[in-house]
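Colleague: I should like to learn how to read the features of a model such as this one. May we go through it together?

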Amino acid sequence: MVEKKIQSLVDSLELLPHPEGGYYKEVYRSANTIVKSALENRFNGDRSYCTSIYFLLTSDNFSGFHRIQQDEIWNFYEGSPLLVHVIDKEGVYTCHEIGMDVSLGLFPQLVVPAGAWFASSVKNKEDYSFVGCTVAPGFDFEDFELAERSLLIKEYPQHQEIITKLTRI
């Protein structure tokens, strides 16, 4: 049943494998751009005002630790609650749980701040999480950095266990 739902989402939404794990499809990129001279120095070129993707993660996979130069807004759509693991710029680790059951303290939206390392995993076994991610200024793969396990552990040795679990390289 779950496998059929996952395959249906992948097929009907034309989702592609994402470099950090899971599947995605860009569904929105604003027509207008912000010129490089109007952006902070951390950006290497012009950026769209905003971008948005669908993101599907299964319990037999994870989204590896990575960071981007922009805030990223996560919106929960369906499936298992999603665990979003964040190591902020000060080195504080927090595991956020997003989902629809507000009676359990879950919220359907989360903002990951620019420059924070983050990863995600599906809470329930044999399940999936389907979410949307919105980035402003718009996402560009030049702004994407996939964590190298040894370097991230060297920077945050106190989080070695979760870093080892949620990195691939």
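**Contacts, strands and overall form**

Modeller: In the protein chain, 74% of the contacts (heavy atoms within 4.5 Å) with a separation of 6 or more are between residues 24 or more positions apart. This is a predicted model, in which local features need pLDDT of at least 70, side-chain atom pairs count only at pLDDT 80 or more, and totals for chains, interfaces and linings use all residues. Residues are numbered from 1 along each chain as its sequence is written, and side-chain values use heavy atoms, with hydrogens and water left out.

Colleague: How many helices and strands does the protein chain have?

Modeller: Helices (H or I, at least four residues) and strands (E, at least two) are DSSP runs, numbered from the N terminus. Here there are three helices and 13 strands.

Colleague: Which strands pair with β5?

Modeller: Two strands pair if DSSP finds at least two bridges between them. Strand β2 (residues 23-29) runs antiparallel to β5 and is joined to it by six bridges, with Lys-25 opposite Tyr-54 in β5. Strand β12 (residues 128-136) is also antiparallel to β5, over eight bridges; there, Leu-57 faces Ser-129 in β12.

Colleague: Why is strand β5 described as largely enclosed?

Modeller: Buried means under 20% relative accessible area, exposed over 50%, and partly exposed in between (1.4 Å probe, protein chains only). Seven of the eight residues of β5 (residues 51-58) are buried, so the strand is largely enclosed by the rest of the structure. Across the protein chain, buried residues make up 46% of the 169 residues.
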